[in-house]
Structure formats: structure tokens, C-alpha cells
Amino acid sequence: MTTIANASSGVIGQPMLRREDPKLLSGEARFTDDLKIPGALWIGLVRSPFANAKIISIDTQDAKASPGIVAVYVASDLQSEWAGPIPSAWQVTPDMKSPAHYPLASGKANYVGDPVAVVVGNSPTEVADAVALVDVSYEELPAVVDLEEALTDANVIHEELGTNKCYVWELNPNPQGIEDAFKSAAHVVKERYIQQRLIPAAMEPRSVAVVPSPMGGDYTLYSATQIPHILKVMTALTVGISESKIRVIAPSVGGGFGSKLDVYPEELLCLALARKHKVPVRWTEERTEGAQATIQGRGQVQHIELAADKDGKLLGVRADIIADMGGYQQLITAGVPLLGAFLYHGAYHTPTYAFKCTGVYTNKTPTDAYRGAGRPEATYAIERAMDSLAKTVGVDPAEIRRRNFIPTESFPYNSPAGLVFDSGNYGPNLDQALTAVGYDTLRADQEKRRAEGSTKHLGIGLSFFVEMCGLAPSRVLASLNYAAGGWESATVRILPTSKVQVVTGTAPHGQGHETVWAMIVADKLGISVDDIEVLHSDTSIAPHGMDTYGSRSLSVGGSAVHIATERVLEKAQKIAAHLLEASEDDLEYQGGIFSVKGSPDKTMPLAAIAFEAFTAHNLPDGLEPNLEATTTWDPPNFTFPFGSHIAVVEVDEETGKVELLRYMAVDDCGPRVNPLIVEGQIHGGLAQGIGQALYEEAVYDSAGNLLNATFADYLLPSAAELPTFELGNTVTPSPTNPLGVKGIGEAGAIASPPAVMNAIVDALSHIGPIQIEMPASPERVWKAIQAVRA
Amino acid sequence: MYPASFNYLRASSVREAISMIGDNEDAKFIAGGHSLVPLMKLRLATPSTLVDIGRLTDLSYVREDGGQIAIGALTRHRDLEISPVLNAKAPIIAKVAGQVGDPSVRHKGTIGGSIAHGDGASDLPAAALALDAVFVAEGPSGRREIKSTDFHKGFLETALAPNEVLVEIRIPANIKSWSFQKFNRRAQDWAIVGVAAVKNGSTRVALINMGSTPLRAAGTESAIQSGASLKEAASQADLGLDPPGDLNATVEFRRHLAHVLVGRALEELG
Ligand SMILES: Cc1cc2nc3c(=O)[nH]c(=O)nc-3n(C[C@H](O)[C@H](O)[C@H](O)COP(=O)(O)OP(=O)(O)OC[C@H]3O[C@@H](n4cnc5c(N)ncnc54)[C@H](O)[C@@H]3O)c2cc1C
């Protein structure tokens with residue numbers, strides 16, 4: 001039996017083109033804003049132009065009288081619509097402090113972009129004109145922008161909390177041990193880094209449309225969301241509508257990177273106003289609005305300390321960070337930095353470890369998950385600090401890493417932070433990257449340029465990352481006080497005509513699940529992917545799911561699909577045995593056909609079995625009709641992908657400009673179901689991580705104004721700024737799931753910022769110890785050079 | 001963002017465009033729309049009427065005319081970039097046009113729009129200044145010529161009257177010694193600082209984004225005239241200028257970049 005279920009027909013591992021692309025590329029795909037919804041009202045938000053201000057009065061007269069306007073509401077008009085505040089699902093400590101947060105601010109606005117009134121009208125343009133006519137009188141208060149200043153509580157944003165401090169979360173399993181480690185260390189490295197705020201900037205802006213059904217009091221909520229299932233529960237609870245009356249559909253969704261892993265005021269307003277006005281209500285974000293009012297990523301001040309013996313072997317790692325919440329909690333704001341809490345020692349063995357995070361409110365856009373969520377921050381701190389350690393000890397950056405790698409034989413590795421790293425084989429991965437990039441030749445080139453007195457310096461930057469993904473074992477989430485589980489659901493259904501439907505609880509928004517889930521099923525069933533359809537992102541079709549984020553979909557959702565397929569095949573085998581009058585153990589299965597061992601003429605295709613299962617005319621006793629299986633898979637552990645990334649840069653000393661000449665990434669995400677999609681995920685992640693290192697930063701002035709809320713000023717890298725990525729891979733399967741897969745969605749964004757920054761520091765190391773923060777703009781690089789020269 | 005509402009008229013000749021705009025001070029010509037529309041979307045410009053001159057294809061040309069090259073104002077950046085005449089006789093314009101924005105900008109934006117907009121950060125007006133170009137404008141009372149050095153009056157302000165259409169740009173042919181230095185962070189971006197320099201008898205150096213208008217580096221030019229070394233001349237690049245400071249570069253860094261880039265340009269001129 002098991003031999004059949006374990007059969008593979010070689011589909012897994014093929015670089016199949018994505019099935020979703022023709023529709024996306026030809027414009028046939030439909031996004032939320034594309035939906036034609038007759039009779040829909042549009043909403044527009046009046047947003048605070050001040051970061052911290054009392055709302056004295058709001059005059060809506062002129063706006064109400066404006067053409068095409070149906071209503072204008074302020075917070076007090078809608079208070080009775082809410083059964084609860086905007087949900088925050090992660091109370092990270094029992095005493096964590098959270099301000100009240102409703103879709104419209106009342107009394108006080110806490111960041112530039114905080115909505116204070118909503119205009120309802122017949123068209124988006126009429127609404128835009130009327131939004132400008134709402135006259136809000138504010139009393140501006142000094143803004144709290146800087147994290148360390150916020151912690152002094154000199155100026156408290158939310159009076160009712162009495163402090164800007166949101167929480168302190170600590171992990172210190174061996175306080176005496178770590179003290180001793182630092183006392184006895186031959187080398188100590190202390191660094192402070194800034195994780196600047198980033199604007200996620202998904203290609204599709206946010207968009208919502210709520211359509212009340214003509215009867216029964218049901219609502220269909222269309223949203224450009226990554227989390228249709230979570231959204232259904234959360235909107236039901238917040239707006240006070242039975243969960244069974246809400247259907248959430250995420251049509252084609254153009255990227256999210258965590259920014260659509262949230263429950264936003266606009267979703268709640270559209271639902272509440274559709275209920276109130278009994279007509280469809282919709283909204284689509286504008287770009288500048290999105291920069292201000294969609295969550296931002298990162299936002300941390302990091303302190304990291306390494307203690308090492310005389311050879312540079314780690315004795316202890318201590319991290320103490322301040323994390324910017326922004327003006328309020330969004331869905332998992334408080335928990336995001338803690339997704340990195342266990343990873344500040346990176347891929348290196350250390351006997352002692354301590355981590356502390358202080359969450360703090362500021363008058364800025366709320367932060368939340370953004371590609372990597374907590375893990376890029378951790379990786380950045382340890383990987384830059386390891387370079388400092390290498391310098392202190394006087395060895396090559398590659399060598400300091402090799403000396404400290406968690407040895408291959410210690411996997412599964414019990415980490416000092418309390419995790420179990422599933423599998424790893426770090427040394428060979430690093431060697432492969434160094435060889436492929438031609439590390440020794442590059443070092444020689446670097447020396448040559450220096451000797452020639454060139455003003456264009458070559459830098460080589462290394463980053464070895466390990467991350468935890470595959471969110472998540474539900475019990476671990478419970479221990480972190482997260483308000484949901486981490487399982488995933490799948491149904492595999494073979495229809496009477498032998499077409500296959502795969503229903504998944506994951507919610508792809510660019511990842512390619514329609515291709516990969518079909519490949520998993522095709523591989524096992526030995527049929528063509530063209531006969532398999534993947535259904536998702538509609539809570540009426542896929543009622544159970546935990547959606548897509550945290551590089552979880554393949555290892556958790558793909559595993560569920562794999563298991564459900566096995567179950568269907570097991571049932572088919574029973575029917576085949578019955579119809580072929582053979583024992584189940586005597587059956588073989590290949591290319592979608594059951595046959596009896598030794599009697600090659602006795603065969604039955606899966607298609608015929610599907611039809612028999614449907615007619616149920618002749619099934620084994622006690623077997624239910626139909627070929628269908630549903631399963632829910634809760635992973636026993638996280639997965640721990642890893643890899644070596646190497647950036648090669650040229651730094652122009654005269655202008656400070658950094659040019660990324662080469663980028664080599666050797667990732668290990670376990671077996672690659674579709675290598676083409678894996679590489680696509682790496683490319684996208686690299687672009688975002690390189691963006692963080694060189695270009696991107698949400699810049700706030702001291703009054704809390706976001707100074708670069710357009711794409712002219714917020715610099716996203718384009719293909720022209722990026723070299724042709726050089727990719728390699730190693731394969732270390734994860735023992736925690738049946739596919740052995742790990743996850744690749746975030747790897748590029750996690751590994752690349754320190755690789756690029758280490759390369760810049762390396763390029764200028766002969767001039768002096770360069771201190772530089774991200775993004776490494778020409779002016780910053782130039783000034784950093786002036787500073788060491790002075 | 002949605003622009004405020006406006007009327008839209010499409011002209012089929014320069015004459016018609018001029019009469020359509022009449023004496024309506026709130027009306028504006030629109031060519032490629034790639035400077036005007038962004039301003040309208042941010043509601044920084046709210047023209048009551050747009051007179052579209054974008055389809056006046058007879059104003060899209062590059063041709064030799066005596067010892068000069070005449071460029072129609074409606075010529076798109078992309079057409080400048082690939083123009084055989086320019087590539088042979090005044091490659092600096094082709095080169096500059098090829099570095100404006102990104103391909104979609106280059107296929108829509110026009111040289112006339114770029115010059116008429118009068119933005120100190122634009123590339124083509126600086127090239128025109130370095131070439132001592134002459135602009136031909138047509139108004140209700142006919143055509144007149146305006147020297148490029150007399151054209152830029154202030155921030156987004158030019159010598160054009162509201163009812164005048166820029167119809168032609170005239171530059172000298174046979175430009176052999178030239179340099180274009182555009183410093184930006186991403187290929188698609190405006191210059192943080194840029195330099196267009198031409199040696200054609202005398203040396204003329206124009207700067208991009210070093211003031212509120214496209215301008216010439218008077219300090220450098222006079223230093224060269226009085227026989228200073230290239231290095232000395234480059235160090236005068238920002239003399240008397242008041243460059244802007246923004247997120248890409250502070251005033252101090254812009255001055256520094258002007259020195260470096262002018263130095264590189266002068267070296268390239270030889
Ligand atoms: C993303 C982006 C990036 C860009 N990057 C760059 C860059 O790197 N470098 C650069 O130099 N530019 C850049 N631009 C601007 C681009 O070059 C514009 O196309 C150009 O500046 C304006 O030309 P247009 O034809 O689009 O003018 P429009 O936007 O149509 O008009 C601009 C102004 O000029 C007036 N006008 C236009 N034509 C005439 C005419 N013939 N007679 C009288 N008045 C006229 C209009 O009334 C308006 O006031 C960029 C633009 C965008 C959107």
C-alpha cells in the first residue's frame with residue numbers, strides 16, 4: 001500500500017511555467033478594483049495631516065452638499081456599528097498595553113494618515129472632491145517620532161496608557177551563564193544598527209468591495225487580501241455579523257509581502273456601511289494614501305553583543321532591541337519583532353543566548369509583518385556583527401562563520417533560544433557559494449585596485465542566513481500567546497469525469513500555488529496537471545484555511561495537499577482491488593493506471609475508478625461513494641531554510657555611489673518542487689532586500705510627516721539597478737513534513753541586506769572602519785568616508 | 001490621486017491651439033503630459049482647460065537646416081535618442097534624451113514640453129543651454145526666436161506667454177566635443193546633479209538640479225576663460241548658485257557632486 005502512495009511520476013522538480021501567468025499577463029485576471037458592481041457606493045477617508053493632534057471639531061456640511069455625496073460620517077456617528085475594536089491578535093505579554101483603535105479616530109489622531117471621517121458617494125472622483133471639503137479643526141501636539149525619545153515618556157501619545165512603552169519581552173534562559181560568558185570572553189563585539197521603516201508597496205494597491213446579498217442578510221466581502229479566512233472571522237467579530245453570513249473572496253491579488261496580512265479600517269467600514277446603506281460599498285487605495293495608511297515594515301533600533309574566545313568561537317550572543325509599533329496595534333504588530341527573537345545567533349552555535357525586545361508607540365503609521373518579519377532584522381544584526389568579530393579576531397569573514405557553524409552532526413539542533421532546528425548542512429553550502437563566486441579571485445582583484453590607487457573600490461560581502469518559517473506548529477503559537485493556530489487544510493476531489501479539484505486554505509497572491517499544488521497532486525496521481533484545478537481564496541469554496549504568509553504555504557499547505565492526495569489514492573486502491581478482484585497488496589499504480597502484479601492485462605485507470613466511485617454501483621462493502629479526502633495538517637515544527645549570499649559591490653569614493661556588480665545566492669530550501677518558481681521567489685526577495693540596503697526608507701521629519709509618500713521619492717529598485725542574479729542550491733530535506741520542503745518566500749529579503757552592507761564596509765575597510773546605516777545612499781557613503789578620513 | 005476636473009480640447013494645428021487657449025489664463029497646453037499630469041494628480045496644478053497639442057505630428061522632426069539642426073518641439077525623447085541626424089551631428093542630445101526617465105516616459109515626453117516646463121531638474125533644457133540653442137515660439141502675432149540663455153525666468157517660469165507654443169529648437173551641428181554626466185540613484189530617476197558640457201569654440205557648461213531653473217555654471221566657464229586648470233574650474237562649478245536640498249542630497253552634497261561631475265565632464269571634453 002505505502003509503495004503506491006509514495007510513488008512519484010517525476011513532476012516534482014520540473015521547472016514548469018506558471019499556469020497563472022497567461023491570465024495575469026494578458027489582463028484577463030480580475031483584481032478587486034476591476035469588479036463591475038452596479039449601484040455600489042464609494043468611500044473616501046479624511047485623514048489627519050498631523051502626526052499627533054487633538055480633533056477639536058469636524059464640519060461636514062460642505063462635503064455633504066457636494067455633488068454625488070450620500071453621507072459623511074465621523075467616529076461618533078458609527079460607534080454603534082462596532083462590536084469591537086480593530087483586531088490585534090497578538091498580546092505578546094499579559095501586561096502589553098494597547099490603545100483603543102477603531103476605524104475612525106475620535107478625540108485624537110495619532111499618525112499622518114489616521115482616518116477621522118469617511119465620505120460616502122456615487123463615484124470615486126466625487127468622493128475625492130468632497131473629502132477635500134471636510135473641514136477638521138485640530139490642535140497640533142508635538143509628535144513622538146524617535147524610538148529612544150519615545151521611551152523617555154517625556155511626551156506620551158496615548159494618555160490612557162500613561163506610557164509609550166507597549167511591552168517588554170525577554171528571553172534569558174541562562175542569565176548567570178551569559179554574564180560569565182561575557183566576563184571570560186577574549187573578544188567582545190558591541191554594535192548598534194538601525195532597521196529603517198520600509199513601505200511594502202505591493203503592485204496592486206489595497207481594494208475592498210462589500211456586496212450585500214439580495215436576501216438573507218449575507219455579505220460578500222471582496223478584498224485584495226492575503227488572509228481571506230482570518231479576515232472573515234475578524235470582520236465578523238468586529239462588525240458584529242455572524243461569521244456564517246460573511247463570505248470573503250480574494251480575487252487575483254497583486255502582491256502583499258505582509259501588508260495585506262491585516263484587518264484594515266477600510267475593510268471594516270465597507271462592511272459596516274454596506275449593512276447600514278443596504279447597497280454595495282467599495283474603496284480602492286491611492287498610492288500616497290497607501291504609503292501613509294498601509295502598514296510599514298521593520299522600524300527597530302538594535303543592540304547586539306557577541307562574546308567570543310580567542311579563536312573567535314562564540315561564547316554568548318545578547319540582543320536588545322527597540323521595536324516601533326507606530327500609532328496603534330494592527331493585526332500582529334507586537335509579535336513581528338519576536339519572530340526574530342530566537343534567531344539573533346544565526347547559523348552559529350553559542351552556549352548562551354539572551355534577547356530582549358521593548359515595543360514602543362510613536363506617531364507614525366503602524367508597523368506589521370513585511371517580507372521576513374523579524375527574521376531579516378535578526379539576520380542583519382548577527383551577520384553584520386559576525387563581520388565585526390572577524391575583523392576583531394583578524395580572520396576572513398568566511399572563516400569566522402565556518403568556525404562557528406552549528407555542526408552538521410548536531411541536527412536536529414537544540415538551540416540556546418529553545419528551538420529545534422530541523423536540519424542543516426551549512427559548511428558545504430558556504431563552500432559552494434565561495435567557489436561559484438570566485439572568492440579568492442575577487443579578493444585578489446580587490447587588492448589590485450587598492451594597490452593601483454583606484455577611487456572605485458571593490459567590496460565583497462557575505463551573509464549566511466538561517467530562518468524559521470512554515471508558520472506554524474499551533475502549540476508553539478499558543479506558547480507565544482498568538483490568537484490562532486498554524487495548521488492548513490486541503491481537499492482533493494476527483495470528479496466523475498476524472499477532473500481533479502484541489503481545494504486549499506492557502507491564499508496565493510503571486511506565489512504560484514495554482515501551479516505547484518497541481519504539480520504535487522499530478523506527481524502522485526500520475527496524471528496531467530492540466531486535469532487539475534486548484535481552488536482557493538473564497539471562503540465558501542475553501543471554508544478552512546490559515547492563508548498565506550511567513551513562507552508557510554508549501555511546507556504546511558502543500559503538505560496538506562500531499563496527504564489528502566495520498567488518502568484519495570488509498571481509497572481508489574481499495575476500489576481498484578475490488579473491481580479487479582485482486583488483493584490491494586497485489587496492485588501496482590503507474591501513469592494513472594492500476595494494474596495487478598503479474599497480470600499486465602488486468603488494469604483499471606483512475607478515471608474509471610472515479611466514475612465507479614461516483615455511481616457507487618459496485619463499491620466494496622462499507623466504503624462511502626465518491627473519491628474525495630480532506631485533511632488538516634498541523635506541522636510538528638518550524639522549518640529552517642538557510643543559505644549563503646555574496647554581494648560584490650563597487651563604491652565610488654568621490655560620489656559615494658554603490659554599484660552592485662554581482663550577487664550570488666546559494667539557498668537551501670529542501671527539495672524544490674518547481675525550481676523556476678523557487679528562483680522567482682529568490683529574485684523578488686533579493687530585489688526587496690537590496691532595496692532595503694541601498695534605496696528604501698520611509699523618511700519622517702520631526703513633526704511626523706512622511707516625506708517620501710510617492711514613487712518619485714520612495715526609491716524602489718528596478719531591474720536596471722540589479723545585476724543578473726547568480727543562483728545555486730543545496731538540498732537538505734526537512735524531516736518535519738512529508739515533502740521535506742522548507743520555504744523560500746522570504747529568504748532573499750532576509751539574507752541580502754547584510755550581504756550588501758558588509759560588501760560596502762569591506763570595500764572601504766582599507767580607508768577605515770566605516771559606520772553606515774541602511775539605505776546606503778551616495779550621501780551617506782560619502783559622509784561615512786569623510787568621517788573616517790577626518 | 002485624481003486630478004481636479006478640467007475641460008479637454010484637442011488641437012489639429014498650432015494656429016488652432018493658440019485660438020483654443022485664447023486669453024484663458026487658467027488653460028494649459030498639454031504635449032506628452034509627463035510633467036503636467038503628475039502635477040495635476042497631486043492637485044499642484046489645476047488647469048481649467050487642457051489644449052492637447054500632442055497630436056501635432058508635423059512638429060515632430062529632426063532635420064539639418066543650413067549649419068544648424070532644427071528639432072520640432074513635439075519630438076518625443078525616444079525619437080531624439082534614435083535620430084540618425086542627432087547621432088551623427090549632435091550626439092549629446094540623443095545621449096541626454098536616452099537617459100530621461102524610463103522607456104514609457106521617453107515614448108511620451110517631448111523636448112518642447114521638457115523645455116517649456118522650465119524645471120531646473122530637467123536634462124534636455126541643460127543640454128540646450130550648453131549648445132546655446134535658440135527656441136522658436138509661435139503666438140497670435142506669429143513666430144519669434146528666444147535665446148536659450150534668455151528663456152528660463154524662475155521656478156517653472158519661462159519667457160513663453162501663456163498663449164505661445166514652442167514650435168522648434170535650433171542647435172548648432174557638428175558637435176564633436178561634449179560630455180553628459182547624470183548622477184542619480186536609479187536609472188529611471190531625475191538627476192540629483194547633472195552636467196551637460198560642450199566645447200565648440202568656447203566651453204559651455206550647464207548644470208541640472210543646481211538651482212530653480214536650468215542654468216549655466218558661470219563660475220566654471222569664466223575660470224576656463226581666464227585659463228584656470230580643469231581642477232580649479234571644476235571647483236567653481238557652484239559659484240553663486242543656490243542649489244536645493246532634498247532627501248537625495250543636502251545642499252552641501254550637491255555642491256560636492258557639482259565639483260566632481262563638472263571635473264569629469266571637463267576631463268571628457270579634453
Ligand atoms: C516618471 C518620470 C520620470 C521622469 N524623469 C525625467 C528625467 O530623468 N529627466 C527629465 O528631464 N525629465 C524627466 N521626466 C519629465 C519628462 O521628460 C517630461 O516628459 C517632460 O519634462 C515634459 O514633456 P511633456 O511633453 O510630457 O510635457 P507636458 O507634461 O505635456 O507639459 C509640460 C508643461 O509644458 C507646457 N508645454 C508642453 N509643450 C509645450 C509647447 N510645445 N509649447 C508651450 N508649452 C508647452 C505644458 O503646458 C506644461 O506646462 C520624467 C517624468 C516622469 C513622469
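**Where is Thr730(A) found?** In this predicted model, Thr730(A) sits in the loop that links strand S28 (725–729) to helix H20 (747–763) of chain A. With a relative accessibility of 16%, Thr730(A) falls under the 20% cut-off and so counts as buried. Its side chain has two polar contacts to look for here. One, at 3.0 Å, goes to the side chain of Asn429(A). Another, at 2.8 Å, links the side chains of Thr730(A) and Asp668(A).

**Strand S1 of chain A is mostly covered.** This view follows residues 41–47, and seven of the seven are buried. Take one side of S1(A) first: Leu41(A), Ile43(A), Leu45(A) and Arg47(A) are all buried there. Now flip to the other side, where Trp42(A), Gly44(A) and Val46(A) are buried as well. If you are wondering about the split into two sets, side chains in a regular strand alternate between the two faces of the sheet.

**S1(A) pairs with strands S12 and S5 of chain A.** With strand S12 (residues 281–284), the pairing is parallel and has two bridges. Look for Leu41(A) in S1(A), whose bridge partner in S12(A) is Val281(A). With strand S5 (residues 115–121), S1(A) runs antiparallel, and six bridges join the two. Here you can pick out Val46(A), which has Ala117(A) as its bridge partner in S5(A).

**Three strands of chain A make an open sheet, in the order S4-S2-S6.** The pairing in this sheet is antiparallel. Strand S4 (108–109) and strand S6 (135–140) are the edge strands, each pairing on one side only. Strand S2 (residues 53–59) meets S4(A) over two bridges. To find your way around, start from Lys54(A): its bridge partner in S4(A) is Lys108(A).

**The largest cavity lies between two domains of chain A.** The structure has seven cavities of 30 Å³ or more, and the largest has a volume of about 170 Å³. Its lining is made up of 20 residues, and the closest to the centre are Ile199(A), Ala201(A), Arg287(A), Gly290(A) and Ala291(A). Sorted by type, the lining has nine nonpolar, six polar and five charged residues. Why is this cavity said to lie between domains? Because domain 2 (32–141 + 203–255 + 260–293) and domain 3 (297–471 + 637–789) of chain A both give residues to its lining.

**Two cis peptide bonds appear in loops of chain A.** One joins Phe411(A) and Pro412(A), with omega at about -10°. Pro412(A) belongs to the loop between helix H12 (397–404) and strand S16 (413–414). Another runs from Leu471(A) to Ala472(A), with omega near -10°. For Ala472(A), look in the loop between strand S18 (456–466) and helix H15 (474–479).

**Asp153(A) and Glu581(A) have a positive phi, although neither is a glycine.** Phi is about 60° at Asp153(A), which lies in the loop between helix H6 (147–151) and strand S7 (165–171). Asp153(A) is partly exposed, at 26% relative accessible area. At Glu581(A), phi is about 50°. You'll find Glu581(A) in the loop between helix H17 (553–580) and strand S22 (587–590), and it is exposed, with a relative accessible area of 71%.

**Chain B is assigned three domains.** They are domain 1 (7–52), domain 2 (59–172) and domain 3 (179–269). Between the C-alpha centres of domain 1 and domain 3 of chain B, the distance is 33 Å.

Notes
Residues numbered from 1 in each chain as written. Chains lettered and ligands numbered in written order. Predicted model: local features only at pLDDT ≥ 70, side-chain atom pairs only at ≥ 80, totals over all residues. Heavy atoms only, no water. Domains from an automatic or database assignment. Buried < 20%, exposed > 50% of the residue type's maximum accessible area, 1.4 Å probe, protein only. Helix = DSSP H or I, 4+ residues; strand = E, 2+ residues; numbered from the N terminus. Pairing = 2+ DSSP bridges. 1 Å grid on protein atoms, 1.4 Å probe; cavity = no way out; pocket = protein on both sides within 12 Å on 5 of 7 lines; lining within 4 Å. Points joined across faces, edges and corners; volume = space filled by probe spheres on them. Nonpolar A, V, L, I, M, F, W, Y, C, P; charged D, E, K, R; others polar. Polar contact = N/O pair within 3.5 Å; in protein donor to acceptor, adjacent residues only side chain to side chain.
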